[in-house]
Amino acid sequence: MKYAKLAKLWDSLHSSFWFVPTLMVLLAIALSFITIGIDQSQEATLIENIGWAYSLGPNGSRAILSAIAGSMVTVATTAFSITIVALQLASSQFGPRLLRNFMQDTGNQIVLGTFISTFVYSLMVLRTINGVDKDEFVPHLAVTIGLGLAIASVGVLIYFIHHSASSIQVEQIIKQVGDDLDVAIDRLFPERIGRNTSKHREEESLAAIPADFDRVACPIKTIASGYIQTINDNQLMQIATENNLLLRIQQRPGRFVVKGSEIVRVFPEEKVNKKLAVQINEAFILGSQRTEQQDVEFPIDQLVEIAVRALSPGINDPFTAIRCIDQLSAALCHLAQREIPSPYRYDDHNQLRIIAEPISFADATDAAFNQIRQYGKSSVAVTMRLLEAIAAIAPFTHRIPDRTTLQRHADMIERGSQEGIAEELDYKNVKERYLAAVKAIGQV
């Protein structure tokens, strides 16, 4: 349970603009105390004899640090304004769900942190400069470090300008979401909850489920509303083992649950009490938005949203939609080669404890192709690329249900093109892609 909560906390911190800058400000404050302490403990001549060190008097030191602090505030404000504009552009053009990707951009967080921490460092050093003849003190090393931070900030500003310009390019956004999708597939397939079952044990697993399970199992209802972000697999397995229970998970990550809705069914019913219900609820981490931690459909939906927006009459950009289809087809090729975990999970004593239906290849393919097919059936280029994508995915499929899914989508795309494409020659080109896709599916 602690791991799931820590994962959610880290995800929230990673998606914020305050966490990394705050850490950098704290490091800047610590650095100021360290450098000032070195200046106070060393002879002035030792620092002044270093050729690259700053060695002017108190007035010049104040002027330099004041200039650095003032410029850093201005640059930080400008950088923040540019970031807000980029977020607004991404929200309006690519969809609000992609704001999370921009918020997770570590580069932007470090840039803002650099400017703010340099400003804070300059103020911390500036307060220690004393121009009184009797007690004159100029922290030469600290001022030199401040100059170095200012020069580094200039380099960071150049990087930020380049990074901001490239990060809002549609190709970069699509690639980033595609990379997140590949990482999610690697992380979630196969997914382990207890010990997985082999294919020849499916009938044995079904036989292990009590015949009256659906009738007498007790439903556990949620105590809050929100999106299921993560499910603590180990916690549920521990609960089921310690109480000798069989659990069927009714919802999977990414689904929105309303307070009082059913999330788990527990057998036998007589072992269910208020404490157990609370423990099971604690294994489900809810939030106000979806994340890709255990929800592989979330990055798929992000790519689909970009494609659907590109196909809207107001934008009419089929090339962006085609790029999204290419990225989705690559991800589905990746998924087709992975082992889909069994829904039946056993404990260490070979006892069936949890039934958890995983997302299947058919589910992922439906999420990837359905909306693009529906909104793009009048676009010849998009329709042909969908069929070409199916033909490209087919050689990577090794399960009959996966090939059946591809065949079903190819048929729907072809039927939709009959309604959406009026030109006979255009439809002929679509038909050729359809036959090629069917041939690729049949050759597997």
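How many helices and strands are there in the protein? Count along the chain and you get 18 helices and eight strands. Keep in mind that what you're looking at is a predicted model.

Let's begin with the whole chain. The protein has 444 residues, and 48% of them are buried. Now take the contacts between residues with a separation of 6 or more: 80% of these involve residues 24 or more positions apart. On the outside, the accessible surface comes to about 21,900 Å², and carbon and sulfur atoms account for 57% of that area.

Next, find the sheet. A bit of background helps here: strands of a sheet pair through backbone hydrogen bonds, either parallel or antiparallel. In this model, five strands form an open sheet in the order β1-β5-β3-β8-β7, and the pairing is mixed. Which strands stand at the edges? They are β1 (218–221) and β7, and each has a single partner strand, so one side of each is left without a neighbour in the sheet. Going from one strand to the next, the twist averages 25°.

To see what mixed pairing looks like, put your finger on β3, residues 246–249. Its link to β5 (residues 262–267) is antiparallel and uses four bridges. Here L246 faces F267 of β5. The link between β3 and β8 (residues 352–356) is parallel instead, with three bridges. In that pair, L247 has I354 as its bridge partner. Move on to β7 and β8, and you're back to an antiparallel pair, again joined over three bridges. There, R345 stands opposite I354, the β8 residue that also partners L247. A helix comes into the picture too: α11 lies across β3, β7 and β8, and runs at about 140° to β8.

Now for some backbone oddities. Most residues other than glycine have a negative phi, and most peptide bonds are trans. Where does the model depart from this habit? Try N244, in the loop between α11 (233–242) and β3. N244 isn't a glycine, yet its phi is positive, at about 55°. Is N244 buried or partly exposed? Its relative accessibility is 42%, so N244 counts as partly exposed. N350 is another case, with a positive phi near 65° in a residue other than glycine. You'll find N350 in the loop between β7 (344–346) and β8. With 38% relative accessibility, N350 counts as partly exposed. The peptide bond from F267 to P268 is unusual in its own way: it is cis, with omega near 5°. F267 is the residue opposite L246, while P268 sits in the loop between β5 and α12 (274–282).

Finally, look at a pair of helices, α15 (residues 361–376) and α17 (residues 400–420). Their axes are 10 Å apart and the packing angle is about 10°. How do the two helices run relative to each other? Angles under 35 degrees count as roughly parallel, and α15 and α17 are therefore roughly parallel to each other. On the α15 side, the residues that meet α17 include F361, F369 and R373. On the α17 side, D402, L406 and M412 are among those meeting α15. What kinds of residues make up this contact? Six are nonpolar, four are polar and four are charged.

Definitions and conventions: Residues numbered from 1 in each chain as written. Predicted model: local features only at pLDDT ≥ 70, side-chain atom pairs only at ≥ 80, totals over all residues. Heavy atoms only, no water. Pairing = 2+ DSSP bridges. Buried < 20%, exposed > 50% of the residue type's maximum accessible area, 1.4 Å probe, protein only. Contact = heavy atoms within 4.5 Å. Areas by Shrake-Rupley, 256 points an atom, 1.4 Å probe, with all protein chains shown as cover. Axes fitted to C-alpha atoms, helices over the stretch in contact; angles between N-to-C directions. Parallel < 35°, antiparallel > 145°, perpendicular 65-115°, else oblique. Nonpolar A, V, L, I, M, F, W, Y, C, P; charged D, E, K, R; others polar.
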